[in-house]
Amino acid sequence: MYSSMTVREISSAGRMRDRLKILVLGGTGDAVAMATEAAEKFDITYSLAGRTSHPALPDGVTIRTGGFGGPHALADWLGENNIGAVIDATHPFAERIAAHTAQACSATHTPRLKLTRPAWDETADDTWHRVPDIAAAASLLPTLGARAFLSIGRQELGAFAAMEGVQLLIRSIDLPGNTDRLPRAVYITGRGPFTTAQESALLREHDINVLVSKNAGGAATYAKIVAARMADVPVVMINRPTAPPSPIVSDVGAAIAWLESRLG
Ligand code: NAP
């Protein structure tokens with residue numbers, strides 16, 4: 001005869017087995033928060049590209065790492081793993097995975113939601129020069145300042161390789177490999193969130209007179225924008241690429257509510 005505790009365990013194990021399977025495409029702070037919270041109710045697989053050496057990870061989820069091999073392979077993976085919905089919580093500049101996810105979900109009729117923070121807006125006290133991409137940022141930069149802080153990650157630094165006359169301070173979560181490093185650059189590592197005091201101190205220490213940033217949105221990396229405003233430093237602001245059309249939410253609670261309303 002089972003004790004009441006054993007019966008609860010059996011019924012809990014049954015619920016675990018029956019829970020709906022969700023794929024969360026991660027790589028952002030919101031993705032970690034969303035996956036951790038959703039794991040209370042759903043069976044979450046959290047997917048990373050695998051580029052960061054010590055990524056922040058959610059609790060109570062299955063982690064998978066590495067590309068799927070393109071949209072068709074992702075579609076196959078969704079079917080093989082019986083995925084009921086996909087939350088694309090990747091960075092707003094992660095264009096390829098967003099497009100591949102849209103294609104794979106469309107092909108498999110899998111509901112898809114984009115979780116992303118609204119883009120930042122320029123205030124009256126900011127001096128922004130909006131550009132469409134990294135290449136445009138690199139061509140504009142020398143006209144604005146001689147000591148630039150690049151806060152754009154480490155994957156697209158090559159666009160600045162031919163630029164002359166600008167001293168670069170480059171911050172990324174992991175250092176770029178030796179072959180990707182540019183001459184005349186100082187490299188530092190750091191992972192947000194940063195405070196305004198920290199960012200102001202960094203601008204002062206390196207005598208920065210122009211900042212290059214992606215319009216990532218959210219609070220975790222906004223302090224550099226505030227610090228630039230306070231120091232009258234102009235910002236080369238790289239606009240977001242256009243995302244594939246989809247339902248979109250900007251906070252974790254709304255993403256969970258979408259899952260509950262779609263999947264019960
Ligand atoms: P990307 O250019 O859109 O993706 C390149 C390839 O990496 C994709 O085609 C896919 O490979 C794989 N991939 C990307 N994200 C993945 C994920 N979450 N799970 C499994 N595979 C993934 O993306 P990216 O700009 O290199 O960004 C990679 C990751 O870093 C993303 O998760 C993103 O959230 C994060 N991140 C990016 C930025 C940025 O500025 N781009 C900033 C902060 C964080 P397959 O085609 O083989 O599936």
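This report walks through the two domains of the protein, the interface between them and the surroundings of the ligand. Keep in mind that the model is predicted.

**Two domains**

Let's start with the overall layout. The domain assignment splits the protein into domain 1, made of residues 8-118 plus 242-263, and domain 2, which covers 128-238. Domain 1 is thus given in two stretches of sequence, with 128-238 of domain 2 falling between them in the numbering. Taken over C-alpha atoms, the centres of the two domains lie 30 Å apart.

**Where the domains meet**

On each side of the interface, 11 residues take part: 11 from domain 1 are in contact with 11 from domain 2. Together the domains bury about 780 Å², and carbon and sulfur atoms supply 52% of that area. On the domain 1 side, the residues that lose the most area to domain 2 are R51, T52 and F93, which together account for 53% of what that side buries.

What kinds of polar pairing cross this interface? The rule finds 0 salt bridges between domain 1 and domain 2, but it does find 4 residue pairs in polar contact, both partners having pLDDT 80 or more. The side of domain 1 that touches domain 2 is made up of 5 nonpolar, 4 polar and 2 charged residues.

**Around the ligand**

Now to the ligand, which has 23 residues around it. Those that come nearest are G26, S47, R51, F68 and K214. R51 also appears among the residues of domain 1 that lose the most area to domain 2.

Three polar approaches to oxygen atoms of the ligand are listed here.

| Residue | Protein atom | Distance to a ligand oxygen |
|---|---|---|
| G69 | backbone N or O | 2.8 Å |
| R96 | polar backbone atom | 2.8 Å |
| Q155 | polar side-chain atom | 3.3 Å |

Taken alone, the ligand exposes 810 Å², and the protein buries 82% of this area.

How values were computed:
Residues numbered from 1 in each chain as written. Predicted model: local features only at pLDDT ≥ 70, side-chain atom pairs only at ≥ 80, totals over all residues. Heavy atoms only, no water. Domains from an automatic or database assignment. Contact = heavy atoms within 4.5 Å. Buried area = accessible area lost by both parts, 1.4 Å probe. Salt bridge = Lys/Arg side-chain N within 4 Å of Asp/Glu carboxyl O. Polar contact = N/O pair within 3.5 Å; in protein donor to acceptor, adjacent residues only side chain to side chain. Nonpolar A, V, L, I, M, F, W, Y, C, P; charged D, E, K, R; others polar. Near = heavy atom within 4 Å. Areas by Shrake-Rupley, 256 points an atom, 1.4 Å probe, with all protein chains shown as cover.
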